Amino acid sequence: MRVRLILGAVLAATTAMVAAEPGSLWEVAGGGPGNGKYSPLDEITPKNVAKLEMAWRYDTGEGFPGSEMQTNPIVIGTSLFAITPKQRLIALDATNGRLLWKFDPHNGEDYKGGSRNRGLASWSDGRRRTLFYAVGPRLFAIDAADGRPVAGFGSGGAIDLREGLGRDPKTISVSANSPGVVWKDLLIIGSALAEDLPAAPGDIRAYDVRTGALRWSFRTIPAAGEPGSETWPANARTSSGGANSWAGLTLDEARGLVFAPTGSAAFDFWGGDRPGNNLYANSLVALDAATGKRIWHFQTVRHDVWDRDLPAAPTLVRVKRDGKLIDAVAQITKTGFVYVFDRVTGRPLFPIGELPVKPSDVPGEWSAPSQPYPLAPPPFARQRLTEADLTRRTPEAHAAVASRLARLRHGALFEPPSLQGTIVYPGLDGGGEWGGAAFDPATRLLYVNANEMAWVVRLLARETPQQGNASAASLYQANCASCHGEDRTGSPPQVPALTDLGARLREAQVRKTIREGSARMPAFAELGEDAIGALAAFLLTGEDRHAAAGTVASNRLPFTHDGYNRFLDPDGYAAVAPPWGTLSAIDLDRGTIRWQVPLGEVPALAAKGMKGTGSENYGGPVVTAGGLVFIGATTLDRKLRAFDKKTGTLLWETLLPFSATATPAVYRAGGRQFVVIAAGGGKAGQPSGGSYLAFALPE
């Protein structure tokens, strides 16, 4: 009887997957390969959106302190595929949220790591649909019908993303927290890497969807003799790292073009070891999907020392010029600029200016003398911080932050990092972030949410303990303190605290993470097992024993930084005046901002009458043919909202069990239009959970 029930569940899942209902229309993360986050469904409108109610809820039961959910689900037929806080892949009935199956990449072991996964890709040969997603260094191929690994893909259904980069796989950290794109029989994917050295190079790679065999690579850090190699030192291919496309890719299927946004080179805030503009870091690169050949590129930041990664996959758009529609691609940035290019030629559709930048005074640094910027549209986030822009929440708060600002370098958009401390505004998380933009093809408006927070970057001389016999405390200071802090409190959510590590992880897990790295964290295998063991014991128990370390520091760069620090007032609120988060509609025909409204609020301040402050936000918007923009994203107020896409008027909001720092999906199943979002919390000190919630009009 049990076998029959299991078989019945598998057959039901298979039927739901194969019998694609016309109009489900969210089969690709981002709403489609062009990443437009647009739904042609129009059942829910400004007139009836106030009637939305929760149609179903699925609780994963997997939330743990600090965990998050950032997944944009996909819907194929009546099956919804998503990822849990512990990185398990699940299939749900899209009409009612019933669990169909679950895939566990950890083979039954408990997982409480810091990985975040923003979606998955899929491919079908007409008989079987395969789902692709990465957990740590492993890229999995999973049968959509039953949740089992596809045996013919790699080894037992997975490949190791650390392989094939010209480095010892044991010494580098490589993953992929954004889904790849599928073109014909190729899965094309970027990577998430460490942000300090040693870091792997950020090659963009295409794999055979059936076998996992590598079909082509594009080297974002060029090899000697390749175009762009002259913008790096001669040994960059083996000594530098980063320039990776961590934010996801966009595909023009008809033309076979892949658009890859790249991030900064490692180390993020000092680049004296990599003099030059560092192509193809911080660039939008158009590639031939069949071969990986570069078609065109544009570098948005030269020799980045501000961590100004291109933060989101670009959006395919159409722009009217001289009465004609031009197929274009729009790229948002952390600085708040929007670049718009002709898809085929790479020609900018708005003029590009050059902003002079003063040279760095940090010893050994090389600076680019100017940085490009589009003359239109205007930036969707504030870019220069003066005393007039500081908080007026209370006189005491204003005085405190004004006093601190006077001791920091500030004012210019590209003020170089310094030993004194430099304001980065918009902050290290933007401006624009990984949620990206949504595009309405009817009005040609681009919708983008933004953070309006200032951060502080301060460089420090990097201390290296003596070689040979090093204490665990000195190993921590040399390799870990720059990110996790001398007091091990970290900078959540970007860098987790290590103060309660023993309550979350076993010694073997800590050793493995130190040895292999994890996403932003480099691998420290070269320290040697004795040193890794001493460091693990120090983190778990505080024991400061000495170790025979072959190498006591992971790199020889002369500078590090004092952590990822927001510029806050003494009460923990943003040091700048509100709004602290916004949602904007940008007219791409005219190069203007049609409307801009605060996004979110701070409940504690709203209760005191300070409403409309906006909130730090992560995750993107979705726009519909029905006339609405749906967005969660806000870190503090736990709400999903619907705005009138023409005016920015707030029409509906609902309170969620946890903040929804993810992008919604809009789909049709069982004859109804649904809006679904992942609510996982975990940012800004908020509780963590793990729920998917779907909303629809009453039946």
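Reader: How many helices and strands does the protein chain have?

Author: In this predicted model, the protein chain contains nine helices and 45 strands.

Reader: What does the radius of gyration say about the overall form of the chain?

Author: One sets the value against that expected for a compact globule with as many residues. For 699 residues the expectation is near 27 Å, and the protein chain has 24 Å, which agrees. Along the principal axes, its C-alpha atoms fill a box of roughly 70 × 60 × 55 Å.

Reader: What share of the residues is buried, and what share of the contacts links residues 24 or more positions apart?

Author: A residue counts as buried when its relative accessible area is under 20%. Of the 699 residues in the protein chain, 63% are buried. Among contacts with a separation of 6 or more, 64% are between residues 24 or more positions apart.

Reader: How should the exposed area and the charges be read, beginning with the atoms that supply the area?

Author: The protein chain exposes about 24600 Å², and carbon and sulfur atoms supply 52% of that area. As for charge, there are 73 positive and 69 negative side chains, with the centres of the two sets 4 Å apart.

Reader: Which residues of helix 3 are buried, and which are exposed?

Author: Helix 3 spans residues 395–405, and its buried residues are Ala397, His398, Val401, Ala402 and Leu405. These residues lie on the same side of helix 3, because they cover an arc of only 125° around the axis. The exposed residues Pro395 and Glu396 are on the face turned away from that buried side.

Reader: What covers the buried residues of helix 3?

Author: The cover includes strand 28, residues 422–424.

Key. Residues are numbered from 1 along each chain as its sequence is written. This is a predicted model: local features need pLDDT of at least 70, side-chain atom pairs count only at pLDDT 80 or more; totals for chains, interfaces and linings use all residues. Side-chain values use heavy atoms; hydrogens and water are left out. Helices (H or I, at least four residues) and strands (E, at least two) are DSSP runs, numbered from the N terminus. The radius of gyration is taken over C-alpha atoms; the globule rule is 2.2 Å times the number of residues to the power 0.38. Buried means under 20% relative accessible area, exposed over 50%, partly exposed in between (1.4 Å probe, protein chains only). Contact means heavy atoms within 4.5 Å. Accessible areas come from the Shrake-Rupley method with a 1.4 Å probe; for residues, only the protein chains shown count as cover. Lys and Arg count as positive and Asp and Glu as negative; His and the chain ends are not counted. The place of a charge is taken as NZ of Lys, CZ of Arg, CG of Asp or CD of Glu. The arc is that of the directions from the helix axis to the C-beta atoms.
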